[in-house]
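Please examine the sequence and the three-dimensional structure shown here. The explanation begins with the overall fold and then turns to charged side chains.

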Amino acid sequence: MSLLKKIFTAVRGGAREAGEAIVDANSIRILEQEIKDAEGHIAKAKQDLTSVMAKEMQASREIERLKTQSEEYENYAMDALNKGDDALATEIAEKIAGIESELAQQQEVKSSFSAHADRLRELVKKTERQLAEYKRQLTMVKTTDSVQKATSAISDNFSNSNSKMMSATESLERIKQKQREFDDKLKAAEMLDNESSDASLEAKMKQAGIGPQTSSASSVLDRIKAKKGA
């Protein structure tokens with residue numbers, strides 16, 4: 001029996017841990033839904049507040065009507081007394097008493113609606129302030145969560161693809177080396193072109209007798225004969 005209890009306790013503990021894990025994994029989504037639910041409750045509370053305020057205004061109008069009616073019947077009673085009709089004055093007074101009783105009831109109703117409306121207004125304002133704070137906190141939490149996920153992804157990718165990074169570095173270095181070799185070949189070709197161009201120019205100048213001329217045996221002998229004749 002003790003073993004069964006332990007197994008049952010372990011199962012309950014596992015279920016609790018699994019439930020907590022689900023809540024933790026969806027905590028932001030849950031918070032967003034809770035805020036939406038709270039917004040719905042506030043909207044409903046505002047509708048209820050509107051209804052209470054409307055009833056309060058109706059009670060106020062009824063109070064004003066009864067006050068006016070009471071004053072009107074008081075004037076009637078005064079007229080009856082002035083005419084010496086005490087019986088009619090008494091009947092009118094009874095009517096006034098009924099109006100005043102109804103007036104007292106309406107004033108009590110209005111006070112009740114007014115107090116309830118005040119409480120609802122304060123509650124709505126307080127809840128809206130709390131909700132605004134929750135929304136602000138939700139924005140901060142979502143931003144922090146996004147940054148943490150990005151940081152984690154970068155860290156995981158770097159650690160898991162370290163060898164790939166090395167391979168990529170080697171490939172990049174090979175590409176750079178080939179590019180340097182290509183540049184060297186271009187420079188060498190340009191140098192050869194320049195040298196060929198200079199040699200061709202010197203040959204044309206030599207043929208035209210321009211620039212320094214290369215000495216030959218016949219030219220040297222002619223120069224000696226010229227000196228001897230002089």
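The paragraphs below proceed from the chain as a whole to individual residue pairs.

This is a predicted model. The secondary structure of the chain consists of five helices and zero strands. Followed along the sequence, these elements give the pattern α-α-α-α-α. Helix 2 covers residues 27-82, and helix 3 covers residues 86-160.

How much of the chain counts as buried? Of its 230 residues, 10% fall into that class. The accessible surface of the chain amounts to about 18500 Å², and carbon and sulfur atoms account for 57% of that surface. As for contacts, among those between residues at least 6 apart in sequence, 77% join residues that are at least 24 apart.

Attention now passes to the charged side chains. The structure contains nine salt bridges, and three of these pairs are described here, beginning with one in helix 2: the side chains of Asp 48 and Lys 44 meet in a salt bridge, with a distance of 3.0 Å from N to O. Both residues belong to helix 2, where they stand four residues apart, about one turn of the helix. Is this pair buried, exposed or partly exposed? Asp 48 has a relative accessible area of 34% and is partly exposed. Lys 44, at 44%, is likewise partly exposed. The reasoning rests on two cut-offs: a residue is buried under 20% and exposed over 50%, so a value in between makes it partly exposed.

A second pair is found in helix 3. Here the side chains of Asp 118 and Arg 121 form a salt bridge, at 2.5 Å from N to O. Asp 118 and Arg 121 are three residues apart in helix 3, again about one turn of the helix. Asp 118 is partly exposed, its relative accessible area being 40%. For Arg 121 the relative accessible area is 28%, and this residue too is partly exposed.

A third pair joins Arg 180 and Glu 173. Their salt bridge has its closest N and O atoms 3.2 Å apart. Arg 180 shows a relative accessible area of 39% and is partly exposed, while Glu 173, with 44% relative accessibility, also counts as partly exposed.

Note on methods
Residues numbered from 1 in each chain as written. Predicted model: local features only at pLDDT ≥ 70, side-chain atom pairs only at ≥ 80, totals over all residues. Heavy atoms only, no water. Salt bridge = Lys/Arg side-chain N within 4 Å of Asp/Glu carboxyl O. Helix = DSSP H or I, 4+ residues; strand = E, 2+ residues; numbered from the N terminus. Buried < 20%, exposed > 50% of the residue type's maximum accessible area, 1.4 Å probe, protein only. Contact = heavy atoms within 4.5 Å. Areas by Shrake-Rupley, 256 points an atom, 1.4 Å probe, with all protein chains shown as cover.
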